[in-house]
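Welcome, and thanks for taking a look at this one with us. Please have the sequence and the fold open side by side as you read the notes below.

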Amino acid sequence: MSFTLIQQATPRLHRSELAVPGSNPSLFEKAAKGGADIIFLDLEDAVAPDDKEQARKNIVQGLNDLDWGTKTMMIRINGLDTHYAYRDVVDVVENCPRLDMILVPKTGVPQDVYAIDMLVTQIEQYKKREKKIGFEVLIETALGMANVEAIAQSSKRLEAMSFGVADYAASTRARTMGIGAPHPDYGILADKDKSGSARAYYWNDPWHYALSRMMVACRAYGLRPIDGPFGDFSDPDGYLAAAKRAAVLGFEGKWAIHPSQVDLANQVFTPSEAEVTKAKRIVAAMEQAAKEGKGAVSLDGRLIDIASIRQAEALLNKAAAMGM
């Protein structure tokens with residue numbers, strides 16, 4: 001390991017992150033009773049300009065009056081380029097002890113996070129707030145992706161990053177078929193077969209680079225990488241495919257824009273019993289190898305070493321957080 005040690009963010013279960021419009025309080029109670037690990041009550045994209053003020057009031061009342069159990073509660077504030085953002089922070093943070101985190105949209109530079117950090121710090125001091133607010137940032141512009149490593153180091157409050165694919169596509173002028181979906185034109189053509197005619201065509205993932213870059217920044221600086229929305233909530237198979245892709249890359253969870261997607265996210269980002277069992281066997285095998293003075297051993301016909309035990313321990317820590 002490097003001599004430089006990075007402090008890890010506050011650990012939270014973050015398999016599923018459910019978006020709930022602040023302008024529709026009738027949805028709050030259902031969300032509170034649902035299975036999402038994290039809920040963000042939205043003041044930004046899901047709320048029309050004329051409804052912003054009432055949405056804030058709805059959120060304050062909902063956070064204070066409803067039983068949210070052990071869920072992590074978050075608000076998504078409006079962009080820093082609007083006149084709504086500061087009141088979003090002041091009104092909710094000053095009046096809601098139950099609030100855990102703030103989601104900062106369209107983060108483009110580290111100074112965006114610094115600005116909200118300064119405001120929240122002053123409120124916490126004024127209100128003598130015991131629970132410190134954490135941050136999640138949305139990387140959803142070309143500017144944000146270009147500065148993602150610097151943003152990842154911008155505040156000790158920062159816990160997670162999520163990928164906002166819709167606004168990112170707009171920012172990069174990408175051709176899209178939907179929010180978070182692949183595109184039939186983004187693929188490769190295989191070589192001709194022996195007859196020289198038939199050629200197979202394979203779709204690729206147009207979001208792979210962006211997801212990978214953001215994930216690396218998160219893991220390098222101790223943050224949780226979270227995949228963003230999949231817009232077609234009538235396509236569970238498409239959602240599952242997107243979630244599995246993110247999980248394989250190293251993501252910790254995924255957004256749900258509809259309650260039907262929550263269980264799918266929890267399913268994908270919860271280690272299976274077989275994975276947990278194998279991880280335990282790897283740890284046991286390496287402990288035995290250490291007693292025998294060996295740095296690597298064979299398990300099930302495959303070499304395992306110190307890197308293997310790090311992977312196994314990371315999975316077991318996640319499983320423990322889920323009560324497995």
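Let's begin with one lysine: the side chain of Lys71 reaches the backbone oxygen of Gly34 at 2.5 Å. Keep in mind that this is a predicted model. From Lys71 we move on to the barrel, and then to the salt bridges.

**A buried lysine**

- Lys71 sits in the loop that connects α2 (52–65) with β3 (72–76).
- Which side chain of opposite charge is nearest to the buried Lys71? Asp37 is, at 6.6 Å, and Lys71 has no salt bridge, because a salt bridge needs the nitrogen and the carboxyl oxygen within 4 Å.
- Backbone oxygens are within reach instead: besides the one of Gly34 at 2.5 Å, the Lys71 side chain reaches the backbone oxygen of Ala36 at 2.9 Å.
- Once neighbours within four places in sequence are set aside, the contacts of Lys71 include Ala31, Ala32, Gly34, Gly35, Ala36 and Asp37.
- Ile39, Arg98 and Asp100 are also among the residues that Lys71 contacts.

**The barrel and a helix across it**

- Eight strands close into a barrel, and their pairing is parallel. Going round, the order is β1-β2-β3-β4-β5-β6-β9-β10.
- On average, neighbouring strands of this sheet are turned by 25° against each other, with direction ignored.
- As background, strands in a sheet pair through hydrogen bonds of the backbone.
- Take β3 as an example: three bridges join β3 to β4 (residues 101–104), and the two run parallel. Met74 has Met101 of β4 as its bridge partner.
- Helix α8 (residues 208–220) lies across three strands, namely β5 (134–139), β6 (158–163) and β9 (224–227). Relative to β9, helix α8 runs at about 155°.

**Salt bridges, one by one**

- How many salt bridges are there? The count comes to 21, and three of them are picked out here.
- Glu29 and Lys33 form a salt bridge, with their closest N and O atoms 3.4 Å apart. Both residues belong to helix α1 (residues 28–33) and are four residues apart, about one turn of the helix.
- Glu29 counts as partly exposed because its relative accessibility is 43%, whereas Lys33 is exposed, with a relative accessible area of 66%.
- Lys106 and Asp45 also meet through their side chains, in a salt bridge of 3.9 Å from N to O. Lys106 is in the loop between β4 and α4 (110–127), while Asp45 is in the loop between β2 (38–42) and α2, so this pair ties together parts that are 61 residues apart in sequence.
- Both partners are partly exposed: Lys106 has 31% relative accessibility, and Asp45 has a relative accessible area of 49%.
- Asp300 and Arg281 make a salt bridge too, at 2.8 Å from N to O. Asp300 lies in the loop between β11 (297–299) and β12 (302–304), and Arg281 lies in helix α11 (residues 273–291), so the pair ties together parts that are 19 residues apart in sequence.
- Asp300 is exposed, with a relative accessible area of 55%, while Arg281, at 36% relative accessibility, counts as partly exposed.

**A shared network**

- Salt bridges that share partners join six residues into one network: Asp42, Glu44, Asp45, Arg76, Lys106 and Asp167.
- The Lys106 and Asp45 pair described above therefore has both of its residues in a network.

Technical notes
Residues numbered from 1 in each chain as written. Predicted model: local features only at pLDDT ≥ 70, side-chain atom pairs only at ≥ 80, totals over all residues. Heavy atoms only, no water. Buried < 20%, exposed > 50% of the residue type's maximum accessible area, 1.4 Å probe, protein only. Lys, Arg positive; Asp, Glu negative; His and termini not counted. Polar contact = N/O pair within 3.5 Å; in protein donor to acceptor, adjacent residues only side chain to side chain. Contact = heavy atoms within 4.5 Å. Pairing = 2+ DSSP bridges. Axes fitted to C-alpha atoms, helices over the stretch in contact; angles between N-to-C directions.
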